[in-house]
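Please read the following account alongside the sequence and the coordinates. It moves from one local feature to the next and gives the reasoning where there is some to give.

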Amino acid sequence: MKETRRSFIRKGAAIFALAAGALAVFTLLRQLVPRMIGQKKRVKVGKSNTFPVDTFTYIDEHKIYIYRDHEGVKAVSAICTHLGCILEIDEDGFLCPCHGSSYNRSGEVLSGPAPRALSWYQVSKAPDGQLVIDMTRQVKPDAKFLTT
Amino acid sequence: MDSQDRGNIQPESKVDGNRSSRIRKITKNFFLHIHSTRIHPDNLKPTYTFGLGIILGFLFLILILTGVVLMMYYTPSVERAYQSVKDIVFIVPGGRLIRNIHRWASHGMVFVLFLHLARVFYTGAYLKSSKLNWIIGVSMLVVTLFLSFSGYLLPWDQLAYWAVTIGSNIAASARELTDLIGITSGFDVGGFMKRILIGSETVGQPALSRFFTLHVIFLPLTLLILTGVHFWRIRKDGGLSRPGYQESNRDDQPGSEGRIYTWPAVLWAELAILLSVSAILLVIAFVVDAPLLERANPAFAENPAKSPWYFLGIQELVSYSAFSGGVIIPLLFLIFLISIPFIDREKQYTGVWFSGSQGLRITFYSLAVSLIVTLALLFVIVQFGWLRDWFPGMSQAVVMVINPATLSMLFYILWSGWVRRRTGSTRMASIALFTASLAGLVLFTAMGIWFRGPNWEFFWSRSDWPVI
Amino acid sequence: MVQGAQLGVFLVTIGLARDLINMNETNYIRGMRWTVITASVILLVLILTAWIREGLFREWKRYQMDYVELATGMESFSDGGMVQTREVYQVDLEDLGRIDRCISCHNGLENPFMVDSPQPHRTHPGNHLEYHPVTKYGCTVCHGGQGRALDMDEAFGRDFRFHWPHPLLSQPYIQSSCGKCHLAIYNESREFEGTAIFYSGKDVFSREGCLGCHKARGVGGILGPDLTEQGDKTKHEYSFQNIRGEQTISNWLKEHFRDPEMVSPGSQMLKIDLPDEDLDALATFVMGLAKPDIPFDYFSVEALREFKGERNLLSGEQVFSFSCTACHGKHGKGKDYTKYITGVPGILNRDFLRMASGEYMSFTLLKGRSNRQMASWAPDLSGWKDAEMDSILRFITDHKGIPGRIENQYFPGGDISKGMHYYDRNCKMCHGEDGKGGIGLAIHNHDFLAVASDRFLFETILNGRNNTAMPSWFDISIQEMTDLIAYIRSWSRTRGRDFGIRLLPGNSEKGSLNYHYLCSRCHGEFGEGDTGPSNLNRNFLLAASDSYLFETISKGRSHTAMFGWSKDVHGEERLDSQDISDIIAFMRSTVNQEWNYIHAGSNPGNASPGQQLFRSNCAECHGENGGGKEAPALNNQEFLSAASNGYIIGTISLGRSGTKMPSWGRGEEDYSALTGKERQDIAAHVRSWQRVRIKKDEG
């Protein structure tokens, strides 16, 4: 009986020590992972009439392009899906200066190492008349928020 | 046993003092007793080891000393970092030189590190020792690379900022795979790696603080500890590798003839190397200034934005496919490196450069194979483009699997397998694979350094680059 | 260099290796010792060199020693005491976020006796240091340069090797630094000594209409980049790939002004054709258009007010000069459609002013024209205030030179044949031969001439009728007018006059109901004209007296569809005086009311023959589908929402002298006249391109 109790306690102590140690290590490691603050999800970008018609306008803060024509407004991500560089506009659509990925005006990949098409975000209007871009909601490339 | 004229250094019994005093000079000193009291003359031949390990050690020492000086004047805040570096250059007496020495020593250390890795491999040093030392060496490689990378960010100029931005995006390369499968929103490994690395989505103050802490305390300490274990293992394994090594004629065996006393020969050699390395560094520091571009400006990307030179090979790979170039191939290369001492246990090949003439031949053939295959693939992709240019609309998943990097890797593996069958020796096979991979790495790195310009397009020389 | 060193290392190693093969321990040690000696010697030499270079022979130490010599050598004053020891002098400017060490070399800045000394010992010119003491401002905030450096080349920061974004500025561009704190574009500001070129640049800026496309401090257009902080931009932010000359910002700006499209491909900016010194001044001005990130107490009060958006109201002429002249020209002539990428209409063009109503111009100003250079100038977009929008409209319409209301009732005398000549030339194309009518009203109508006074005719001819095809003949002389009226009167013995009529007080709401029930059938839902003329028309209502209205409504107009509502009706539709007074009250109430749409108005034309006619006559310049090739785009939605059918028909009929638009009503050398019906058909075709009806006030 003594043996079993001693060995039981020994085993128990070892297990507890190990558990405490593991938890401590894990907690320490967890400290290395930062809390992400300041990431905006739904953003206001101003009224629709501040955007020139038939043009892609870049919004630097949120890294998106706003496209407006006579019928409505669309919003697309300006971040290349390859390694995250900011896209430029060219005749065919979008071009990434880092490794040459190119997209058409609907955001589909034409060439280059980009793995997937660009995301289009939902556009709506706030009560004060400003456009709201919801970057948590993706829509199809031809979906347009109508302003007429 | 070593009186034969093999071109070794012959021991003599009367050089400096008698035997016991020479032994005691080593054993009674804290710093000196890292050394064994006697050393095999083969290990003293410069053309054997080239002193690469010791050069690395001294470079590390110089980096620590210059680093401490720099640390006193440097401020790790995004508002002040750049100007504090400028003040080091302008105001601190000799600051320009100290900074230059620090920079060129760090580049030198990475370069010499690869040379040392090659030396240890080709002399088959891992064959005689425990596998652990080789693994420790590989970890030291990783730590040194990370040390250099973390230090690269500290000046906070355009070069630093964009190099680290590219590096952080490479760290997030797993996103390519998760995006293709479509699980990124729930399982963003790439994003997680990036966040751990730079503390945020973009490089900013969190990244600077993180890198500074790693660079001045955590990584140097880690490297010091690893160095200690590395040296201890060498002692435990009976000294450095050399031709004709056997368990029976280890350095620490009593009555081993032909040994040279460490004191004073080895000490003179080390002093010579220390002074030569310092002199060379100082010459370079006088002549070439460490670069410092404009202050970091997140609104204006450098084009091309290049990571530090030792990562440009990976950056070239990543331009084909983020996941395979940034995650798979580096991982596979590391796994290959670590696994070498497990796969190859043919002890008879230890100590001799290229393990004999057969190994030398295989090295040359592997070099040739690697050059031809990799250059051909590079030629194709530069001249004709790649799969997505020929078949628009093809999924990137295909390119992820089939691109010049993966194809080269496949080729090297096949080559190495063929060598294995032809020679029946794992040592020869690992020589083949190691040589081919290293040559391939050098080629891709050279491509990234010299032949890639704005928009990552191919240019023969810098003067052909268009002005942006 | 680095490769050379590496090669050297390699050779030395080989050399050593060769020496040490077949060596014994003694020789090995000897070899190592020699290496030690060589390396130590090199190290010693280098370190000593470093000490000497860094310690003894620094540039600034030499300058300080020279200064002490110079100063003690002067008879009158010795300032040697200021620079006693060789040390680095600096100014710590926490507010400006910088440290300036210029005074380590420039020791004689505040020493008035150093006026004739060579640099760097010379006294600072002018009295600038009195107002900008070095201890508060430092040097680099005005002069540029790298304040922390201690060597001249690095301090000047001009060479690209130094990667310093703010190189030292020299005259005249250094004047731009004054502007950064002192400039007030729209408010009054004082001109200081030494800023002549900068302010001359400001004059160029306000004359050349730059704000037509660019914004500055909240005011201006959106086609080009905002220039408010242009002066803060560094070289890195400009693209020099097409700049042949000096690679400096000032030169970039000048070459850009001379040929924007070459410097920035894809730019739609027009070339600025001015002499070099004006371009220099303009470049200096642009470099001073900035909002530096320094505490507010460094700025002048006028500049601060402007940053906050407070500014004085500008006159219409100033607004025109700031934002319209670049495209529309300093005299409103517009730009040739064949010489420029897209032409620009002449808005002070005589025929344009004849046709364009206030509503047309106001709508175009507010909405702009999509896909063209004409941006929307609505106050919340352009920064111009509502009062300034009105001023600009008045500035434009003032070019007509129309006096106020005419009071004369009679214009007796007048040469009938001369009047006929004028009529045939200008009026016949719409009002028909002998005034019998065509696409315009029949003037040769007894009932009409019986109620219309001379004054009514005068005002109608002079002011036209807004948004109809009746132009404003503002440049007609009194003599011509008298002749014309005489000719018109020759058609009828009756001569209308305005007589005082006592109307019963009218209820405009009831009048509105009656109007919309009865009158709208012919006069249009909004009184814009349909089969009947537009009568809820401002110009008409201002010209027509109450008697005119009463008589016309009650008695009607023979030979037209307008019957007398008091006389010729049967049954319930009969209107009595009260009803008519109500209707008149309602009509009068619409004169100054708010409007949101410009109604197209009447046009009985047919679009399908119109398409044929368009193709054969108009497409050559206006494009097959009205897209505009060498002439304005007619299929533009904003244009179609601003232009009534009357405007279109009128413009076609009148043409635009001074441009390539011929008068299709009169006919010209190469272009034969089109009949009224044809012109109406073309207008109908143009109208068919309208897809949306744009409101003036959009939410």
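The paragraphs below take up a strand, aromatic rings, a cavity and some backbone features in turn.

The model is predicted, and local features are reported only where pLDDT is at least 70. A place to begin is strand β4 of chain A, residues 72-77. Since 6 of its 6 residues are buried, β4(A) is largely enclosed by the rest of the structure. In a regular strand, side chains alternate between the two faces of the sheet. In β4(A), one side takes A:Gly72, A:Lys74 and A:Val76, while A:Val73, A:Ala75 and A:Ser77 point the other way. Residues on both sides are buried, A:Lys74 among them.

Which strands pair with β4(A)? One of them is β3, residues 64-68 of chain A, which runs antiparallel to β4(A) and is joined to it by 5 bridges. A:Ile64 has A:Ser77 of β4(A) as its bridge partner. The connection between β3(A) and β4(A) is a hairpin of 3 residues. Strand β11 of chain A, residues 145-146, is also antiparallel to β4(A), with 2 bridges between them. Here A:Gly72 is matched with A:Leu146. Another antiparallel pairing, again with 2 bridges, links β4(A) to β9, residues 120-125 of chain A. In that pairing A:Val76 has A:Trp120 as its partner.

The aromatic residues come next. Over all chains, the structure holds 54 aromatic pairs. One of them is formed by B:Phe121 and B:Tyr122, whose ring centres are 5.3 Å apart. Planes over 60 degrees apart count as edge-to-face, and the planes of B:Phe121 and B:Tyr122 stand at 75°, so this pair is edge-to-face. Are these two residues buried or exposed? The cut-off for buried is under 20% relative accessible area. B:Phe121 has 0% relative accessibility and therefore counts as buried. B:Tyr122, at 8%, is buried because its value also falls under that cut-off.

An edge-to-face pair is also found in chain C, between C:Phe198 and C:Tyr199. Their ring centres lie 5.4 Å apart and the planes meet at 85°, so the edge-to-face label applies here as well. C:Phe198 is buried, with a relative accessible area of 0%. C:Tyr199 has 5% relative accessibility and counts as buried too.

Back in chain B, B:Phe121 and B:Tyr122 belong to a cluster linked by ring pairs. The cluster also contains B:Phe50, B:Tyr126, B:Trp134, B:Trp353, B:Phe354 and B:Phe434. B:Phe121 has a charged neighbour as well: B:Arg427 lies over the face of its ring, 5.1 Å from the ring centre. In chain C, C:Arg311 is placed over the face of C:Tyr186, at 5.4 Å from the centre of that ring.

Empty space is the next topic. Rolling a probe the size of a water molecule over the atoms shows where such space is left. In this structure there is 1 cavity of 30 Å³ or more. The largest cavity holds about 50 Å³ of space. Which residues line the largest cavity? They are C:Val319, C:Ser323, C:Cys324, C:Leu365, C:Trp377, C:Trp384, C:Met389 and C:Ile392. Two elements of chain C, α14 (316-323) and α19 (386-398), give two or more residues each to this lining. By type, the lining residues comprise 7 nonpolar, 1 polar and no charged.

Some backbone features remain. The peptide bond from B:Asn303 to B:Pro304 is cis, with omega near 10°. B:Pro304 is found in the loop between α12 (262-287) and α13 (312-318) of chain B. In chain C, a cis peptide bond joins C:Gln119 and C:Pro120, with omega about 5°. The loop that holds C:Pro120 runs between β2 (98-100) and α4 (128-131) of chain C.

Positive phi values are the last item. B:Trp456 is not a glycine, yet its phi is positive, at about 60°. B:Trp456 sits in the segment after α19 (426-450) of chain B and, at 6% relative accessibility, counts as buried. C:Asn467, likewise a residue other than glycine, has a positive phi near 65°. Its place is the loop between α23 (454-463) and α24 (478-489) of chain C. With a relative accessibility of 18%, C:Asn467 counts as buried, because the cut-off is under 20%.

Technical notes. Residues are numbered from 1 along each chain as its sequence is written. Chains are lettered from A and ligands numbered from 1 in the order in which they are written. This is a predicted model: local features need pLDDT of at least 70, side-chain atom pairs count only at pLDDT 80 or more; totals for chains, interfaces and linings use all residues. Side-chain values use heavy atoms; hydrogens and water are left out. Rings of Phe, Tyr and Trp (its six-membered ring) pair if their centres lie within 6.5 Å; planes under 30 degrees apart count as stacked, over 60 as edge-to-face and the rest as tilted. Buried means under 20% relative accessible area, exposed over 50%, partly exposed in between (1.4 Å probe, protein chains only). A charge sits over a ring if NZ of Lys or CZ of Arg is within 6 Å of the ring centre and within 35 degrees of the ring normal. On a 1 Å grid over the protein atoms alone, a cavity is a set of points where a 1.4 Å probe fits but cannot get out, and a pocket is an open set with protein on both sides within 12 Å along at least five of seven lines; lining residues have an atom within 4 Å of a point. Grid points are joined across faces, edges and corners, and a volume is the space filled by probe spheres set on the points. Helices (H or I, at least four residues) and strands (E, at least two) are DSSP runs, numbered from the N terminus. Ala, Val, Leu, Ile, Met, Phe, Trp, Tyr, Cys and Pro count as nonpolar, Asp, Glu, Lys and Arg as charged, and the others, Gly among them, as polar. Two strands pair if DSSP finds at least two bridges between them.
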